[in-house]
Amino acid sequence: MTRWWPRPLGVLLSLVTLLVVATPFGVSWYLADLRRHVGAQRDTAVTRLGPADLRRFTELAGRLPQRAAPVVVAYHDVRPHGDDPAATEPGGREHYVVSPEEFDAQLTALRAAGYRSISTAQYVDYLRGGAVPERSVYLTFDDGTRGLWAYADRILARHDMVAASYLITGQVGEHRPYYLSWAEIARMARSGRWDFQAHTHDLHTRVQTGPGTQGSPLTHRRWDPATGAQESLAAYRQRLTADLDAMFAAFAAHDLPRPQLFAYPFSEVGDAVTDPAAAGFSRELVAGRFAAALTNKSRGPEPSSRRSAAGGQVERAEVYATTSAAELVSAVVERTAVPARVSAPFTNPWDWRDQQGEPMTDLSSLTAGRFTAASPRRAYGTLLAYASADWTDYTVDATPRGLRADGGTVTLTVRVDSDDPVSVRVAHGRVALLRGDRVVAEAALAPAATHRVTVTVRDGETVARVDDGPALRVATPAGPRATGGLAVAVDDAADRPHPSVAALDVRAAD
């Protein structure tokens, strides 16, 4: 006899049977799909620094201000070198890959030197005028590579630090396993250790910008080799606007907060010489949509400071595969803002940079009149080029010597790398005050080989006095773009002993 079930009950039993049969297959599919989108995280061994290194880093902590402008550090990827050929970036840039062991050592060294890490929100608050935080680093990672999830995340957790990943949103989930997936990004965001910022939607590439030239499509108009035509400015503007709109839409679609900071692809901020219209538009577009932009290269030092932020871009300390923990700490210390109080600065050559921006190891060209073979007529050095970016209300005392009636000058430049540098040029019997390259005041001096020079910098004015002579004054705009530190230059066209600087001191203005 056929058993008859009421129709609703029969349907229910059929569904239960289907569920029992299908569940193992569904779970298997879900786990396989999860593995495709969420890779495994790797535990790495703790890196131990030697006692001498730890002692050196700890001693540094005692010499630095407890509160200072945060230093921005630029990473790209963290994973073992040669770990997985499939994980290599298309085009391959292995020199940007930091091993987990070195990353762990770098964070250990930064903590020993008294640095903590801050989030993007904390950094933006500082840039917008918030309180200066405790001595800190803002750790940034360009491109959104999977090594951040696989290796860096657990190392950050070990050190109780946070970081920001700058995403190329159009590449998320592509070229796996090189780039992060949206599922991995979601887990990283929920951890509280990561926030996510902007690195374009799909403009992190190189395009032809002219016959035989390439550049970033963000900051350059495209050039068509087939027609020899350059992209119109209208098309360029439309393309850039559409890319940033797509990027913001991707953040919103994946429930990520709107990005507040932007990192330029390849650190190309635009070529104001060959294509000023494109350079101007890209900078205006970025400035209108973000609190600040980050780059790893700039014409002059643009450290993490309010002066740099007011100019629209901040320069980061970039980390490479070969960067040791000690080298990173040195770069971060160099960029840590210090007060305008420096006694006997010539005793520390590592605090100076030459005219090419390279560290100086020998200051005798400034202090002993011994010019180098590479620069037989001029010596130049900038004091604390990064750490002095926000200096104002300070006084420089200097003693030029060896000045001769037949030539040779010593020049002190204040507000270095600002929009309004001011120089005091002292000769055997004359002093000139210059704003940029233009003489704005000058006076005769009692002819002498040695003079005493005092320059006082205040917000909106610079005052210079030589010996007991009259004060020479020049008004400058106030504000963050008029701040900056000190440079010293010695010039002499003659082939004989050159002028030099016998003493130098920087102190707070009275």
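1. In this predicted model, a good place to begin is the pairing of strand β19, which covers residues 394-401, with strand β28, which covers residues 500-508: the two run in the antiparallel sense and are joined over eight bridges. Within this pairing, Asp397 is found opposite Asp505 of β28.

2. The two strands belong to an open sheet of six strands, whose order is β16-β28-β19-β24-β25-β26 and whose pairing is antiparallel. At the edges are β16 (342-343) and β26 (472-475), each of which pairs on one side only. When following the sheet in the structure, it may help to trace the strands in the order given, from β16 through to β26.

3. Turning to the aromatic residues, the count comes to 14 aromatic pairs. One of them joins Tyr75 and Phe141, whose ring centres are 4.9 Å apart and whose planes are at 15 degrees, so this pair is classed as stacked. Because Tyr75 lies in strand β1 (residues 71-75) and Phe141 in strand β5 (residues 136-143), the pair ties together parts that are 66 residues apart in sequence. Tyr75 is buried, with a relative accessible area of 0%, and Phe141 is likewise buried, with a relative accessible area of 0%.

4. A second stacked pair is formed by Tyr123 and Tyr138, with ring centres 4.9 Å apart and planes at 20 degrees. Here Tyr123 lies in helix α4 (residues 120-127) whereas Tyr138 lies in strand β5, so the pair ties together parts that are 15 residues apart in sequence. Both Tyr123 and Tyr138 are buried.

5. Ring pairs can also be followed from one residue to another, and in this way Tyr75, Phe103, Phe141 and Trp194 are linked into a cluster.

6. Rings also take part in arrangements with charged side chains. The charged end of Arg135 sits over the ring of Tyr115, at 5.7 Å from the centre of that ring, and Arg206 lies over the face of Phe266, at 4.6 Å from the ring centre.

7. Where is Thr476 found? Thr476 is in the loop between β26 and β27 (486-491). Is this residue buried or exposed? Thr476 has a relative accessibility of 7%, and because buried means under 20%, Thr476 counts as buried. The side chain of Thr476 makes a polar contact with the side chain of Arg415, at 3.1 Å. If neighbours within four places in sequence are left aside, Thr476 is in contact with Arg415, Asp420, Val422, Arg435, Gly460 and Glu461.

Note on methods
Residues numbered from 1 in each chain as written. Predicted model: local features only at pLDDT ≥ 70, side-chain atom pairs only at ≥ 80, totals over all residues. Heavy atoms only, no water. Pairing = 2+ DSSP bridges. Helix = DSSP H or I, 4+ residues; strand = E, 2+ residues; numbered from the N terminus. Phe/Tyr/Trp six-rings, centres within 6.5 Å; stacked < 30°, edge-to-face > 60°. Buried < 20%, exposed > 50% of the residue type's maximum accessible area, 1.4 Å probe, protein only. Lys NZ or Arg CZ within 6 Å of the ring centre and 35° of its normal. Polar contact = N/O pair within 3.5 Å; in protein donor to acceptor, adjacent residues only side chain to side chain. Contact = heavy atoms within 4.5 Å.
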